[in-house]
Protein chains: 2
Amino acid sequence: MSSAAATQLVPVLEAGGPELSRQLHRTETRLAEVSESHGAELGRHAAATLTAGGKRLRPMLVFLCGGEGPALTAAAVAVELLHMATLVHDDVLDQAGLRRGHPTVFATGGRSAATATGDLLFSRAFAELASTGSQEAVSALSAASSALARGELVQRADAWSDSVSPERYLERSELKTASLFSSACRLGALLGDVSSGSIAALAGFGSSIGLAFQILDDVLDVSGPSSRTGKHRGTDLLDGTVTLPLIIARRRDPELAAMDLRELVSEPAQAEAVCDRIAITGALGAAREQALHHVAVAKAALGGVELAEHRSRALDLLADGMVERYA
Amino acid sequence: MSSAAATQLVPVLEAGGPELSRQLHRTETRLAEVSESHGAELGRHAAATLTAGGKRLRPMLVFLCGGEGPALTAAAVAVELLHMATLVHDDVLDQAGLRRGHPTVFATGGRSAATATGDLLFSRAFAELASTGSQEAVSALSAASSALARGELVQRADAWSDSVSPERYLERSELKTASLFSSACRLGALLGDVSSGSIAALAGFGSSIGLAFQILDDVLDVSGPSSRTGKHRGTDLLDGTVTLPLIIARRRDPELAAMDLRELVSEPAQAEAVCDRIAITGALGAAREQALHHVAVAKAALGGVELAEHRSRALDLLADGMVERYA
């Protein structure tokens, strides 16, 4: 992660207290163990992926929803491994050379090594979760994993399309992003110390902040600044991904709507120009409003859940953080 | 599968009796359900993969080791889904257009769809097995899945190498083939009706026949006839896979050993010529001897296992079938 990307999590970590810090530390230790437990070459690739870091947002959700204990560590490690598996496979498909400022497995090991590394991380995610002995937990992770794969496919199927509706965009975001956030919360609730009546509400919380996270990600792809996001503006445009800001802008700017995206953006400089054009329509503010709506829905879902005050507070802050990145 | 490829399984099916046929039928039904339970596009790709068929060797192992029941069906479906996931990913890496005479997902849907389809099949494998509620079973499948990924990586790392030892070849075959055969037997034993003391022996049986299967596959790649294997001779040579017949032939033919495989085979006609050169050394017979050795080890492992007579007989025949293909 860029350090800037994590600044909004500082209040969450403070609110989560020593319990959250301890659990995140255990997660890192276990992730390192997992990456070292394989053959030299695969270990190197897996280790590079794992230690490249990230915000560990999904593990945080597990702990804030569930509390503390070995089963929760296993669940946190599992969701992070699954998340990483999808990143490694995405990098293969995007032929991406860098992620979070580090060379990708695809860049250092090639297509085969990256595909195998992703498959290994998938396998290890399920192995880790199986250690909890909870069938419901494995089923929940598997459902999320299926959703991620379907979301990836929907995204590629819709690439370059001029007719993606906001509903279709949300459906895709549910699959490719919200499902794993929701699953992290569900696993925390299933394996943790909350009442079973709270599981659905916490899963709903995760789903809503996942949508907010995805929308903001898509706003940031257009708005930049690239000095903080670590990538050029308009990266999504360049691979034809139709995001909410573009969908809204097309409705407000008929000329933009009439243009063929494939002809419009064939190089980064053109993508930046389209980003500016999207921004002029006010689509970024409108998209951000929608993200804020999902944050509000998430926080409302927390209302009926009995959680220790500090965890409830940390989840609230985490929800706010979805939209406050670089704000 | 080509129908010729399955003929050696007829005696196994006969020995397995109505119980085995029933269970295999249930497996097909469940595989069809799984493929239909996803979005239209992914469903189409998954369904095409699943219905393209195959010998269902791994499900047979589950049932012959474990008997009958819903948990065994789930395990059989899981191993077959995992097997298919790896085939779909392999086809992406090999850019393969056909498998078993049908267009691959890579050919019809492209790289992205095939990667996502493979990921989905992976996920569904674990979901299916989780329904058994057995943590040991999920761990066993996960271990096999990790091994498959590592085996794939070892194979790519060793591609075009002039110094692959027979031991290294066996290690790779253990990972990429024998692990899933072994896992199928282990799952059958874990979830079925045999005593827990028999689990290790049955897993060992699976591992040994898996090695025999891989060696014979590699012999057939050199010997053909392509009319029966459904592919050109020397396919492995063309992508640099160093198999046991080549390793043995290099030891017997110093001139062959001194040649750079990459220069030697750049088109199918050259590959066929190298196949002939390998065959002349007698390497195919020597490799087949090694496969027979592993079949004998497998059958010996069965000796101490208490199994119903018809299942024991079917496993014996299945072991023989590993080497009798096209013999």
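Q: What makes helix 16 and helix 17 of chain B count as meeting each other?
A: In this predicted model, B:Arg288, B:Ala291, B:Leu292, B:Val295, B:Ala298, B:Lys299 and B:Leu302 of helix 16 meet B:Ser312, B:Leu315, B:Asp316, B:Ala319, B:Asp320, B:Met322 and B:Val323 of helix 17. Two residues are in contact if their C-beta atoms, placed from the backbone, lie within 7 Å. As for the mix, the residues of this contact split into nine nonpolar, one polar and four charged.

Q: Why is helix 16 of chain B called roughly antiparallel to helix 17 of chain B?
A: Look at the crossing angle: the axes of helix 16 (residues 283-302) and helix 17 (residues 309-324) of chain B come within 9 Å and cross at roughly 170°. Angles over 145 degrees count as roughly antiparallel, so helix 16 of chain B is roughly antiparallel to helix 17 of chain B.

Q: How do you know that chain B and chain A have the relation of a two-fold axis?
A: Chain B lands on chain A after a rotation of 180° with 0.1 Å of shift along the axis, at an RMSD of 0.0 Å. That is the relation of a two-fold axis.

Q: Why say that the copies meet through the same surface?
A: Because 100% of the interface residues of chain B are also interface residues in chain A. In that interface, 34 residues of chain B are in contact with 34 residues of chain A. On the side of chain B, helix 3 (40-51), helix 5 (70-94), helix 6 (105-130) and helix 7 (135-157) each give two or more residues. That side divides into 15 nonpolar, 12 polar and seven charged residues.

Conventions. Residues are numbered from 1 along each chain as its sequence is written. Chains are lettered from A and ligands numbered from 1 in the order in which they are written. This is a predicted model: local features need pLDDT of at least 70, side-chain atom pairs count only at pLDDT 80 or more; totals for chains, interfaces and linings use all residues. Axes are lines fitted to C-alpha atoms, for helices over the stretch in contact, and angles run from 0 to 180 degrees between N-to-C directions. Helices (H or I, at least four residues) and strands (E, at least two) are DSSP runs, numbered from the N terminus. Angles under 35 degrees count as roughly parallel, over 145 as roughly antiparallel, 65 to 115 as roughly perpendicular and the rest as oblique. Ala, Val, Leu, Ile, Met, Phe, Trp, Tyr, Cys and Pro count as nonpolar, Asp, Glu, Lys and Arg as charged, and the others, Gly among them, as polar. Copies are superposed by least squares on the C-alpha atoms of residues with pLDDT of at least 70 in both.
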